[in-house]
Amino acid sequence: MKEVYNDLIDRWIDGSGRGFGLKTDLYDEAVSSHGLVPLLNLKCESVIGIDVSPDVVMAAKERLDKEWHKKYNVAVSDVRHIALKSESFDYILSNSTLDHFQHSKDMILSLRELWRILKPGGIFVITLDNPSNPLIYLRNILPYWSLKLCRLVPFYMGVTVTERQLINQLKYTGFTVCDSTIIAHCPRIFAIWVGCILNKIGSERMKICSLKLMKMFKCLESFPMRNITGYFIAVKAVK
C-alpha cells in the first residue's frame, strides 16, 4: 500500500522540498513502517501529522523518531475542528480519514476545516474507501460488531461516498478539482495474505518478486471497471 501512495504523491504533489505539509490520520505511522509522513516530507520543508487519538499520536511519534531518525511534528487534533491557523499549509494529504465518521455531515465539516488551513493555491490530496468495490460494499452493510468479532476491521469504518459525490462535495466547499482516479487494485485479501507469509519467511528476493506481482494490478486503474476493482477513491484539488 505504501508503494501505491508513493506513486500517487509523486504524480500529484509537485513539491521541491519547500513549503509545509499536513497529513491527517497517523494510524499507519503508529502500527507499521508503512506510514506516509516520510514520503510527504520528501516534497516539503516540514510536515505535521494529526490524529484524534492521543495514544495513536504518541505511538506514531515514537516509531517515526526511531525508524527515520528525525523529529517529526505530530499533534492531537480532530479533523472536524483543527487547532491550527488558517492558510498554514501548502500541501495536505488526507488518506482514508474522512470515511470513519458515522454521519456524512462530519465529512463536510472536515472538508471545510481542511480548506480553511490550506493556503491559496495549495494542493489537497484525499482518498476515501470506494463504496463501489464489492468488499467495501459488503463490509458497509454488515454490523460493526460482527466485523470486529471476526477481526476483519481494526476500528470503526464509517460512511463514504462515490467518486462523483466526493468531487461535488469538494467543489461545494470551494476547492477546484484537478484530477481523480481509483487506486489500490490488488485484491486486499491477497495482499494481506502475501504480506503475512513474507513477514514469516523474510526472503528479500521473494519480497521483490511479490511487489512486482502486486504492481501489475496497477494497470487496472485505466480500465472501465476500475470502480469495482479499486479499493480507494483518490482526488486532487487546489484552493
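1. Let's start with G17. In this predicted model, G17 is partly exposed, with a relative accessible area of 33%. You'll find G17 in the loop between α1 and β1 (20-24). Now look across to L42: G17 and L42 are 25 residues apart in sequence, yet their C-alpha atoms are 6.2 Å apart in space. If you set aside the neighbours within four places in sequence, G17 is in contact with L42, K43, C44 and E45.

2. Step back and take in the whole chain. The protein has 11 helices and 7 strands. Of its 239 residues, buried ones make up 45%. As for the outside, the protein exposes about 12,900 Å², and carbon and sulfur atoms supply 60% of that area. The G17–L42 pair joins residues 25 apart in sequence, so how do contacts in the protein spread out along the chain? Take those between residues at least 6 apart in sequence: 82% of them join residues at least 24 apart.

3. Next, helix α1, which has five buried residues to find on screen: K2, Y5, L8, I9 and W12. Where do they sit around the helix? They are on the same side of α1, because they cover an arc of only 125° around the axis. And what do they pack against? The buried residues of α1 pack against α3, α4, β4, β5, β6 (176-183) and β7.

4. That leads to the largest nonpolar core, which has 28 residues. Which members touch the most others? L8, I13 and V125 do. Two or more residues come from each of these elements: α1 (2-12), α3 (37-41), α4 (54-68), β4 (89-95), β5 (118-129) and β7 (232-238). A second core lies apart from this one, with 26 residues, among them F89, M107, F124 and V161.

5. I13 deserves its own look. Leaving out neighbours within four places in sequence, I13 is in contact with L8, L40, K43, Y91, I123 and V125. Two of these partners, L8 and V125, are named along with I13 as touching the most other members of the largest core. K43 is worth clicking on too: K43 is also on the list of contacts for G17.

6. Now for the surface. Y137, L138, I141 and L142 make a nonpolar patch of about 400 Å². Y137 belongs to helix α6 (residues 134-141). Is Y137 buried or exposed? Its relative accessible area is 52%, so Y137 counts as exposed; the cut-off is over 50%.

7. Finally, two backbone angles to check. Phi of E87 is near 55°, a positive value in a residue other than glycine. E87 lies in the loop between β3 (73-76) and β4. At 44% relative accessibility, E87 is partly exposed.

8. A184 also has a positive phi without being a glycine, with a value near 65°. Look for A184 in the loop between β6 and α9 (188-201). Is A184 buried or exposed? With a relative accessibility of 11%, A184 counts as buried, since the cut-off for buried is under 20%. So when you compare the two loops, remember that E87 is partly exposed, whereas A184 is buried.

How values were computed
Residues are numbered from 1 along each chain as its sequence is written. This is a predicted model: local features need pLDDT of at least 70, side-chain atom pairs count only at pLDDT 80 or more; totals for chains, interfaces and linings use all residues. Side-chain values use heavy atoms; hydrogens and water are left out. A nonpolar core is a set of buried Ala, Val, Leu, Ile, Met, Phe, Trp, Tyr and Cys residues joined through side-chain atoms within 4.5 Å. Buried means under 20% relative accessible area, exposed over 50%, partly exposed in between (1.4 Å probe, protein chains only). Helices (H or I, at least four residues) and strands (E, at least two) are DSSP runs, numbered from the N terminus. Contact means heavy atoms within 4.5 Å. Patches are made of residues with over 30% relative accessible area and no salt bridge: like charges are joined within 9 Å, nonpolar side chains (Val, Leu, Ile, Met, Phe, Trp, Tyr) within 5 Å. Accessible areas come from the Shrake-Rupley method with a 1.4 Å probe; for residues, only the protein chains shown count as cover. A salt bridge is a side-chain nitrogen of Lys or Arg within 4 Å of a carboxyl oxygen of Asp or Glu. The arc is that of the directions from the helix axis to the C-beta atoms.
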